[in-house]
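Me: I am new to this structure. Please show it to me, and then I will ask a few questions.

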Amino acid sequence: MDETAGPLPPRLLGVTTFALAQVARAGRTAMGRMMDEHGLGLWHFAVLASLDDAAPASQRELGRRLRIDPSDLVEVVGRLADAGLVRRERDPSDRRRYVVELTAEGRAELDEVTRRAAALDDRLLEPLDADDRAAFERIVRVLLVHHDPRARPGDAPEPGGTPATRTGRAARG
């Protein structure tokens, strides 16, 4: 953050959406830098996490689930495959489809990125005491479910916890 730029206008600070956007920008910037250190972007993280939750998956299913344009997803999955983090093969039951699954290396990378993302959360939310942080995390999840039903309870992690999954790492123990 540029502390020499001067104060923000009070009218803007009175708009919650503006304040949330500024906090989100700080978090996204920090997350982007961390992902750069891994040679990955946020979409790569999303694909790895999605495959950990419900793998194997077709590229089409991944794109639909994550709302990634198919042409962008080809590049994302290709980069992950080149790095050995996923395996992409033709579906034997439908040769037109590609099936993508997480490799052991991909799961290890996902675990490391997730651990580092939790540390970023700690830094981003550092000004909040434990009660305020728990309340903030709960409120953010309520808002997210309201605006994106894919984040409904049962699919999202408890604050500071491991996601509840149907077939992912948490289900495997």
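Me: What covers the buried residues of α2?

Reply: This is a predicted model: local features need pLDDT of at least 70, side-chain atom pairs count only at pLDDT 80 or more, and totals for chains, interfaces and linings use all residues. Residues are numbered from 1 along each chain as its sequence is written, and side-chain values use heavy atoms, without hydrogens and water. Helices are DSSP runs (H or I, at least four residues), numbered from the N terminus. The buried residues (under 20% relative accessible area, 1.4 Å probe, protein chains only) of α2 are Phe-18, Met-31, Met-34 and Met-35. Their cover, by contact (heavy atoms within 4.5 Å), includes α1 (10–13), α3 (42–53) and α6 (104–124).

Me: Is Gly-32 buried or partly exposed?

Reply: Gly-32 sits in helix α2 (residues 16–37). Partly exposed means between the buried limit of 20% and the exposed limit of 50%. The relative accessible area of Gly-32 is 21%, so Gly-32 is partly exposed.

Me: How far apart in space are Gly-32 and Leu-42?

Reply: In sequence, ten residues separate Gly-32 and Leu-42. From C-alpha to C-alpha, the distance is 6.8 Å.

Me: What span should α2 have?

Reply: The expected span is 1.5 Å times one less than the number of residues. Helix α2 has 22 residues. Its end C-alpha atoms are 32 Å apart, which agrees with the expected 32 Å.

Me: Which residue just after α2 takes a positive phi?

Reply: The angle is about 75°. The residue is Gly-39.

Notes: Helices (H or I, at least four residues) and strands (E, at least two) are DSSP runs, numbered from the N terminus.
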